[in-house]
Amino acid sequence: MIPGSLARRYARALLQLADTPIQREIFGRDIASFVRVAAVNELGKPSLLTVLESGAYPVPERRAVLQKVLERMSLDATVSKFLLFVFERGRISGVSQIAHQYAEMSDALSGRVHAKLTSARPLPTDAVNKIKAALERATGKTILLESAVDPELIGGVVTQVGSVVYDGSLKTQLGNLRTSLRG
């Protein structure tokens, strides 16, 4: 693990290496792919990430393992060099944080924002699409919508776009009514 500010710096550095939006997407896909592969933990065997950050193995051996994995994954050459640089700096344990920060920065540059839609029951596809379209009009950005179900809401929906929450749930409305009747 590395501090968030350091992960942002590494992510920003990789982002600046991308010359085009397409290359930015390729970098994001490749670093996310590496994180998925490195985190796999099979039946009591340590994950690749655990081996790479372990002091139990000599640095040249760990570097050789990383280079072999990068070759087999056929990642973009810039991403492979970047991951080797991160390893050399002793920051490979923070690669998942770097990938997360990279994805957030890349989304921001591409005009995308993540949103979460929570409802009491599963919503029909057309209702979800209408909500997504309304959010896109309101924000002026492309919405990457994640849906969830929470029966405790009783009815209505709660939508979170970034740090802004739009709460139209029956649970909240009943709570507000209760508060106003008491006060």
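Visitor: Is Arg63 buried, partly exposed or exposed?
Guide: In this predicted model, the relative accessibility of Arg63 comes to 25%. Buried would require under 20% and exposed over 50%, so a residue at this value falls in between, and Arg63 counts as partly exposed.

Visitor: With which residue does Arg63 form a salt bridge?
Guide: The closest N and O atoms of the pair are 2.4 Å apart, and the criterion asks for a Lys or Arg nitrogen within 4 Å of a carboxyl oxygen of Asp or Glu. The pair links distant parts of the chain, with Arg63 in helix α4 and its partner in helix α5, 25 residues apart. That partner, at 44% relative accessibility, counts as partly exposed. The residue that forms the salt bridge with Arg63 is Glu88.

Visitor: Which residue meets Glu152 in a salt bridge?
Guide: Glu152 is placed in the loop between β2 and β3, and its partner, 19 residues apart from it, belongs to helix α8. Glu152 is exposed, with a relative accessible area of 54%, whereas the partner is partly exposed at 41%. The side chains meet at 3.6 Å, N to O, and the residue in question is Lys171.

Visitor: What is the N to O distance between the side chains of Arg29 and Asp30?
Guide: These two side chains meet in a salt bridge, in which Asp30 has a relative accessibility of 5% and therefore counts as buried, the cut-off being under 20%. The N to O distance is 3.1 Å.

Visitor: How many salt bridges does the structure hold?
Guide: Among them are the pair of Arg63 and Glu88 and the pair of Glu152 and Lys171. There is also a network of salt bridges that links Glu25, Asp107 and Arg112. For the structure, the number of salt bridges is five.

Visitor: Which residues make the nonpolar surface patch of about 470 Å²?
Guide: A residue needs over 30% relative accessible area to take part in a patch, and Ile154, which counts as partly exposed at 44%, lies in the loop between β2 (142-149) and β3 (157-161). Leu170, found in helix α8 (residues 170-182), counts as partly exposed at 34%. The residues that make the patch are Ile154, Leu170, Leu174, Leu177 and Leu181.

Visitor: What is the phi of Ile154 near?
Guide: Ile154 lies in a loop, the one between β2 and β3, and its phi is positive although the residue is other than glycine. The value is near 70°.

Visitor: Which residue in the loop between α4 (59-73) and α5 (77-88) has a positive phi of about 50°?
Guide: The residue is not a glycine despite its positive phi. It is exposed, because its relative accessible area is 61% and the cut-off for that class is over 50%. The residue is Ser74.

Visitor: Which elements give two or more residues to the lining of the largest pocket?
Guide: The largest pocket has a volume of about 230 Å³. Of the 15 residues that line it, the closest to its centre are Gly28, Ala32, Ala99, Tyr102 and Ala103. The elements that contribute two or more lining residues are α2 (21-39) and α6 (95-110).

Visitor: How many residues in the lining of the largest pocket are charged?
Guide: Asp, Glu, Lys and Arg count as charged, while Gly is among the polar residues. The lining divides into six nonpolar and four polar residues, and the number that are charged is five.

Technical notes:
Residues numbered from 1 in each chain as written. Predicted model: local features only at pLDDT ≥ 70, side-chain atom pairs only at ≥ 80, totals over all residues. Heavy atoms only, no water. Buried < 20%, exposed > 50% of the residue type's maximum accessible area, 1.4 Å probe, protein only. Helix = DSSP H or I, 4+ residues; strand = E, 2+ residues; numbered from the N terminus. Patch = residues over 30% accessible without salt bridge, like charges linked within 9 Å, V, L, I, M, F, W, Y side chains within 5 Å. Areas by Shrake-Rupley, 256 points an atom, 1.4 Å probe, with all protein chains shown as cover. 1 Å grid on protein atoms, 1.4 Å probe; cavity = no way out; pocket = protein on both sides within 12 Å on 5 of 7 lines; lining within 4 Å. Points joined across faces, edges and corners; volume = space filled by probe spheres on them.
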